[in-house]
Amino acid sequence: MGERAPQPLRVYRFGDGDPLAALHRCDQVDYLRCYLHELKTAWVLEEPFYFDRDYLAAFRAFYGDSPRGYENACARLTFFTQLEDGRELRSDLEAACGNDAAATKRLQDAFLGFCVVRPIAAKLGRTVVAWYPDDKEDVPNRVIAPCRSYAVNIAGVQLCVSGLAWQQQDANVAACATIGIWTMMQSSGFQDRLALPTTASITEAAHRTASLGERVFPTSGLLNHHMLEAIKEHGLAPLLIDGDLNDGDGPTFSVGRFSATCASLLRSGFPVLLIGRRGDEGHVTCAVGFRPSAPGALESGETREEDSELISLYVHDDALGPNVRFRLEAEESEPQSVVLVASAPAPRNGERPVFDPTAGVEPFLPRHVVVAVVPEVRVSPDVLHRRGYAIAAELSTQIGSIEERQRPANAGVRFGVTTILLSDYLRNVLSSTVKDGKPLERARLELVECVPPMSLYLAVVRISIAGVPMLDVLFDTTDPTDDLEPFAHVVLDSELAWLLESAQLALGVRVQAFADPPVE
Amino acid sequence: MTNSQSKPKRSQTPRPASSWTARAGDQPSPLDGLSRNKPTIVVSVDVRSEAERRLKERTKPYLAGRTVELLTSRIR
């Protein structure tokens, strides 16, 4: 046994000769190569020795005892697109190491993410990659609220990428459920309160009080109650939601309820564990984002949930890779349960380096969803959806009862639900929804000065008509009761203010967030 | 901003937005004219009961009972 000889950083052109292509082929490696190809990756930088906290925990828990002599060091690959002005990666890295600001900026602009390569059979460790450009003009933007910023430091040069970490299961320390929980806990929603757990600590936590004599490592997969325990043991509150249908083998979801539930949780920054079946196998994946559909015309008098149809759901699947795009379909046979069908975008960057592994994947049938929320949020998403429906339906009834000659056309009412920090609602949501100047000033100050003290997290029911936000109703998230009463409602539209006068709604303190009409 | 983020492009038609990304007051109110015309709104008993029936139907998925199979399906 000797000391490890130092090795230089190595730079490769992305392609058949890079270290990713040299790995033993599997669906995860193929997926990552296709993904990076679509991101127009041009360069791969290899750090031959990288000590990864997650792998070191797995090494201590399992691999260190083996006579096979597993290494404790990983390698790390970082990925870059073409650098500005066609510069060489090595020369810009050297300049950036000397604090050349222009070179550092070029590296940051070209940075696409990283991947830890472990010295075990399942090679792909912690991996964060940028999203594909969100540049399709005919659809709404993706919602990727759970994403956070990750920094890599290469010889003192710090580069950042926004995403959510993914890794391949090793089947000894972590199976798919552990990986899903690990991804879930990386969320931006927990950034201020949770030290990032390792896969080893999650599997251990899952068995700490609920093992019933079962051995922890090697893991033989987790049961639902193990997953809930692992979340609870990390200081978060687990929430298990069952499907609303039943296909004879267990609960399944309708398209509408599945879409709306996932969307409201993801919009709140909480990734969603999807528990179900792929083919004959039980499987867990983690939804990390979605693309909503644009609200279409809705007749006056009608009510809809805004996110009851999604264009895509983006999922971290340990059997495939990060940000895998799925579309939601209803099965043809009764009870028409929702299934997730992999749906990769058409190639934009020429022929893929390998066959896209998502093409042959069987549909996934979700039966339960599990989500970790902060403990202060006690209200169930189902209660909020029912309250949202009731408010939207009452307003729709009012609009539908206007004499036909004067009734506005296509003024059906939609609603959506999210949970958000009060401070984020005041700072970000109001700022992007309400016009600057007097309306915004009034709304913010009235919420602070005229409304009884509100909870740290708010549940917001947003009422909209024809895509225009009309009303936010703010609920207490610490109250788990079914007959939840709102703290306040923020009226975003002057015409709706008039309508509210005739509606039979108790919505708490009224806050005006529109300009006063000019005095005639 | 990394280069994977799209740069805004000029477009003739605005990109569709969900109500969470739209700004109130950027376009005419979909209820334009209500406060000016002050139409009579009379919600008849029939309309009310039909609305309540629809509401009950639509919120049914959110009343699904918990049929948790905690100890039966191992997930790998």
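Trainee: Starting with Asp307(A), does that residue count as buried or exposed?
Mentor: In this predicted model, Asp307(A) counts as buried, because its relative accessibility is 4%, and the cut-off for that word is under 20%.

Trainee: And where in chain A does Asp307(A) lie?
Mentor: Asp307(A) sits in the loop that runs between β13 (303-305) and β14 (310-317) of chain A.

Trainee: Which residues is Asp307(A) in contact with?
Mentor: Leaving aside neighbours within four places in sequence, the contacts of Asp307(A) are Ser259(A), Ala260(A), Ala263(A), Arg267(A), Phe290(A) and Pro292(A), together with Trp20(B) from chain B. With Arg267(A) there is also a polar contact of 3.1 Å between the two side chains.

Trainee: OK, now His385(A): which helix is that in?
Mentor: His385(A) belongs to helix α9 of chain A, and His385(A) is buried, with a relative accessible area of 0%.

Trainee: What does His385(A) touch?
Mentor: Not counting residues up to four places away in sequence, His385(A) touches Ala260(A), Thr261(A), Ser264(A), Glu305(A), Phe415(A) and Val417(A), and from chain B it touches Tyr62(B). The side chains of His385(A) and Glu305(A) are joined by a polar contact of 2.9 Å. As for Gly416(A), which is 31 residues away from His385(A) along the chain, the C-alpha atoms of the two are separated by 8.0 Å.

Trainee: Chain B has come up twice, so to speak. How many residues from chain A and chain B does the contact take?
Mentor: The contact draws on 105 residues of chain A and 56 residues of chain B, and the area buried between the two chains is about 6500 Å², with carbon and sulfur atoms giving 55% of that. On the side of chain A, Glu137(A), Glu495(A) and Trp498(A) lose the most area to chain B, together 11% of what that side buries.

Trainee: How many salt bridges are there between chain A and chain B?
Mentor: The count is four salt bridges, one of them being between Arg15(B) and Asp134(A), whose closest N and O atoms are 2.9 Å apart. Across the same interface of chain A and chain B, 19 residue pairs are found in polar contact.

Trainee: Which helix gives the most to the side of chain A that touches chain B?
Mentor: That is helix α9 (residues 381-400), which gives 10 residues to that side. Sorted by class, the side of chain A that touches chain B has 45 nonpolar, 33 polar and 27 charged residues.

Trainee: Changing topic, how many residues does helix α1 of chain A have?
Mentor: Helix α1 (residues 27-38) has 12 residues, and from its first C-alpha to its last it reaches 16 Å, close to the 16 Å expected at 1.5 Å a residue. Just after α1(A), Lys40(A) takes a positive phi of about 60 degrees.

Trainee: Is α1(A) mostly covered or mostly uncovered?
Mentor: α1(A) is mostly covered, since 11 of its 12 residues are buried, among them Tyr31(A), Leu32(A), Arg33(A) and Cys34(A). The elements that cover those buried residues include β2 (41-50), β3 (74-81), β4 (111-117), β5 (124-129) and β15 (321-330) of chain A.

Trainee: Last one: where is Leu107(A), in which helix?
Mentor: Leu107(A) lies in helix α4 (residues 101-110) of chain A and is buried, with a relative accessible area of 1%. Beyond residues up to four places away in sequence, Leu107(A) touches several others, including Phe80(A), Leu83(A), Leu89(A), Asp92(A) and Val157(A).

Definitions and conventions
Residues numbered from 1 in each chain as written. Chains lettered and ligands numbered in written order. Predicted model: local features only at pLDDT ≥ 70, side-chain atom pairs only at ≥ 80, totals over all residues. Heavy atoms only, no water. Helix = DSSP H or I, 4+ residues; strand = E, 2+ residues; numbered from the N terminus. Expected span 1.5 Å × (residues − 1). Buried < 20%, exposed > 50% of the residue type's maximum accessible area, 1.4 Å probe, protein only. Contact = heavy atoms within 4.5 Å. Buried area = accessible area lost by both parts, 1.4 Å probe. Salt bridge = Lys/Arg side-chain N within 4 Å of Asp/Glu carboxyl O. Polar contact = N/O pair within 3.5 Å; in protein donor to acceptor, adjacent residues only side chain to side chain. Nonpolar A, V, L, I, M, F, W, Y, C, P; charged D, E, K, R; others polar.
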